[in-house]
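Good morning, and thank you for coming. Please look at the sequence and the structure as they appear, and then follow me through a few selected places.

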Amino acid sequence: SIKGLKTEFTITTKDDNGDHCTRGGSQVSVELEGVADPTQVTDTMDGSYVACFVPQEVGEVKLLVLVDGEHIKGSPYSVLVRDYRLLKKPSKSLNKIGGMRYPWGIAVSRNGMWAVTDWDKHCVYMFDKDDRLV
């Protein structure tokens with residue numbers, strides 16, 4: 001999950017035989033343990049439920065999912081909430097920077113530096129906070 005952005009997932013209910021339910025009406029609740037962030041659950045009336053929340057703090061939180069008052073298998077789940085920053089588009093195409101051929105993957109540090117890997121050349125290109133190749 002990303003801090004400040006909506007996280008959405010679907011819960012599909014099953015009956016006592018393990019078959020997917022085809023109707024709604026179950027009491028489904030989702031809660032972030034120890035966090036006051038509100039959650040919302042929508043019954044799609046076909047046995048599935050769409051849950052969403054907007055985390056406001058960075059770190060690991062426990063996500064509790066209950067159907068008719070009982071935890072579903074695996075609940076509580078660990079959810080890692082991360083921060084993000086938007087990168088501005090570099091002034092040059094990544095393919096033209098240093099002869100990069102196949103950009104693949106990106107990482108951003110807390111101090112504003114960022115890196116892109118080149119799948120074909122098996123190397124990493126590092127950029128400063130002003131998007132200059134270092």
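The residues that line the second largest pocket divide into three nonpolar, two polar and four charged. In this division Ala, Val, Leu, Ile, Met, Phe, Trp, Tyr, Cys and Pro count as nonpolar, Asp, Glu, Lys and Arg as charged, and the others, Gly among them, as polar. The lining consists of I11, T12, T13, K14, D15, D16, V67, D68 and I72. A pocket here is an open set of points, on a 1 Å grid over the protein atoms alone, where a 1.4 Å probe fits, with protein on both sides within 12 Å along at least five of seven lines; a lining residue has an atom within 4 Å of a point. The volume of this pocket is about 210 Å³, that is, the space filled by probe spheres set on the points, which are joined across faces, edges and corners.

I should state the basis of these values. The model is predicted, so local features need pLDDT of at least 70 and side-chain atom pairs count only at pLDDT 80 or more, whereas totals for chains, interfaces and linings use all residues. Residues are numbered from 1 along each chain as its sequence is written, and side-chain values use heavy atoms, with hydrogens and water left out.

One residue of the lining, D68, has a positive phi of about 50° although it is not a glycine. D68 sits in the loop between β5 (59-67) and β6. M45, in the loop between β3 and β4 (48-53), also has a positive phi, near 65°, and is a residue other than glycine. M45 counts as exposed because its relative accessibility is 56% (buried means under 20%, exposed over 50%, partly exposed in between, with a 1.4 Å probe and protein chains only).

What does the chain as a whole contain? Its secondary structure comes to zero helices and ten strands. Both are DSSP runs numbered from the N terminus: helices are H or I with at least four residues, strands are E with at least two. Of the 134 residues, 26% count as buried.

Let us turn to the loop between β6 (70-71) and β7 (77-81), where S75 lies. At 13% relative accessibility, S75 counts as buried. Its side chain reaches the backbone nitrogen of V65 at 2.9 Å. Leaving aside neighbours within four places in sequence, S75 is in contact (heavy atoms within 4.5 Å) with L63, L64 and V65. The peptide bond from S75 to P76 is cis, with omega near 5°.

L64 appears again with E33: outside its neighbours within four places in sequence, E33 is in contact with K62 and L64. E33 belongs to the loop between β2 (28-32) and β3 (39-43) and, at 43% relative accessibility, counts as partly exposed.

Finally, how many aromatic pairs are there by the ring rule? The count comes to one. The rings of W114 and F127 have their centres 4.3 Å apart and their planes at 15°, so the pair is stacked. The rule takes rings of Phe, Tyr and Trp (its six-membered ring) with centres within 6.5 Å; planes under 30 degrees apart count as stacked, over 60 as edge-to-face and the rest as tilted. W114 lies in β9 (residues 114-118) and F127 in β10 (residues 123-127), so the pair ties together parts that are 13 residues apart in sequence. W114 is buried at 3% relative accessible area, and F127 is buried at 0%.

Methods. Polar contact = N/O pair within 3.5 Å; in protein donor to acceptor, adjacent residues only side chain to side chain.
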